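Here is a friendly briefing to read with the model open beside you. It goes topic by topic, so feel free to jump to the part you care about.

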Amino acid sequence: MKVGYVRVSTVEQNLARQLELMKTLGVEKIYCDKMSGKNTERTEFKEMMEFLREGDTLYVESFSRLSRSTLDFLNTVSKLQAKSVNLVSDKEKMDMSTPQGKFMVTVFAALSELERTSMLERQREGIEIAKAEGKYKGRKPIPVNEKFFAVANAWAGGKIALKDAIRESGMSSSTFFRKCKQYEISKRSS
């Protein structure tokens, strides 16, 4: 079976170009993710890896769609090879069924990781310059109110369950824990 995987880094980006390519390649089943390729913790990616069977061919627009990490990419390629699944990249014109394709996959994976690392470094440098010029202040801190203190202290005192405290605070679990730590609110042992 011809299986396709398309990915963009953010929900604002559009999958249309990659989906059109999959159509022209005659792909029968497509998996789509709208999140970073920095690791393999992607819902559709995981489902695709479970779905693929011996003899299938996985089509991608470019190797960077699978992963931006050389190690993750090579691990993915290894898993595909163990399942006897062929990998074809349109951009790089690579077919993993050839020895040259297997070699070039490693080279392109390293280049993809280098580009991601360089991009993050440029982003960090830009933020530092903007901070120095007073143009970048970072995210505004999330304010806490009396409701937070009431539910956090009720949770710490064992009066309500953690999930209820988080829900009632109106915060994400990570923000709830961060604010509890900041204000030294912790679960009291019985």
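In which strand is the place of Asn86? Asn86 sits in strand S4, which covers residues 86–89. Please keep in mind that this is a predicted model. The points below begin with Asn86, then move on to the ring cluster, the salt bridges and the surface.

**Asn86 and the loop before S4**

- Asn86 has a relative accessible area of 17%, which is under the 20% limit, so Asn86 counts as buried.
- Leaving aside residues up to four places away in sequence, Asn86 touches Asp56, Thr57 and Leu58, as well as Asp95, Met96 and Ser97.
- Ser84 belongs to the loop between helix H4 (70–82) and S4.
- The phi of Ser84 is near 60°, a positive value in a residue other than glycine.
- Ser84 counts as partly exposed, at 43% relative accessibility.

**Helix H6 and its surroundings**

- Helix H6 spans residues 146–156, and its buried residues include Phe148, Val151, Ala152, Ala154, Trp155 and Ala156.
- Helix H7 (162–169) and helix H8 (173–182) are among the elements that cover these buried residues.
- At the N-terminal end of H6, Asn145 acts as a cap, with a side-chain oxygen 3.0 Å from the backbone nitrogen of Lys147.
- Just after H6 comes Gly158, with a positive phi of about 80°.

**Aromatic rings**

- The model has 10 aromatic pairs.
- One of them joins Phe148 and Phe149 edge-to-face, with 5.3 Å centre to centre and 70° between the planes.
- Are the two partners buried or exposed? Phe148 is buried, with a relative accessible area of 1%, while Phe149 is partly exposed at 24%.
- Trp155 and Phe177 form another edge-to-face pair, at 6.5 Å centre to centre and 75° between the planes.
- This pair links distant parts of the chain, since Trp155 is in helix H6 and Phe177 is in helix H8, 22 residues apart.
- Trp155 counts as buried at 10% relative accessibility, whereas Phe177 is partly exposed, with a relative accessible area of 39%.
- Ring pairs tie Phe148, Phe149, Trp155, Phe176, Phe177 and Tyr183 into a cluster.

**Salt bridges**

- How many salt bridges does the structure hold? There are six salt bridges, and three of interest follow here.
- Glu61 and Arg17 meet through their side chains in a salt bridge of 3.4 Å, N to O.
- This pair also links distant parts of the chain: Glu61 is in the loop between strand S3 (57–60) and helix H3 (63–66), and Arg17 is in helix H1 (residues 16–24), 44 residues apart.
- Glu61 is buried, with a relative accessible area of 12%, but its partner Arg17 counts as exposed at 58% relative accessibility.
- Lys93 forms a salt bridge with Asp90, and the closest N and O atoms are 3.4 Å apart.
- Lys93 is exposed, with a relative accessible area of 64%, and Asp90 is partly exposed at 25%.
- Arg167 pairs with Asp164 in a salt bridge whose closest N and O atoms are 2.9 Å apart.
- Both Arg167 and Asp164 lie in helix H7, three residues apart, or about one turn of the helix.
- Arg167 is exposed, with a relative accessible area of 57%, while Asp164 counts as partly exposed at 23% relative accessibility.

**Surface patch and the segment after H8**

- Phe103, Val107, Leu111 and Leu114 form a nonpolar patch on the surface, and together they have about 380 Å² of accessible area.
- Which helix holds Phe103? Phe103 lies in helix H5, which runs over residues 99–132.
- Phe103 has a relative accessible area of 55%, and exposed means over 50%, so Phe103 is exposed.
- Glu184 is found in the segment after H8.
- Although Glu184 is not a glycine, Glu184 has a positive phi of about 55°.
- Glu184 is exposed, with a relative accessible area of 73%.

Notes: Residues are numbered from 1 along each chain as its sequence is written. Side-chain values use heavy atoms; hydrogens and water are left out. Patches are made of residues with over 30% relative accessible area and no salt bridge: like charges are joined within 9 Å, nonpolar side chains (Val, Leu, Ile, Met, Phe, Trp, Tyr) within 5 Å. Accessible areas come from the Shrake-Rupley method with a 1.4 Å probe; for residues, only the protein chains shown count as cover. A salt bridge is a side-chain nitrogen of Lys or Arg within 4 Å of a carboxyl oxygen of Asp or Glu. Helices (H or I, at least four residues) and strands (E, at least two) are DSSP runs, numbered from the N terminus. Buried means under 20% relative accessible area, exposed over 50%, partly exposed in between (1.4 Å probe, protein chains only). Contact means heavy atoms within 4.5 Å. A polar contact is a pair of N or O atoms within 3.5 Å; within protein, one must be able to donate a hydrogen and the other to accept it, and residues adjacent in sequence count only if both atoms are side-chain atoms. Rings of Phe, Tyr and Trp (its six-membered ring) pair if their centres lie within 6.5 Å; planes under 30 degrees apart count as stacked, over 60 as edge-to-face and the rest as tilted.
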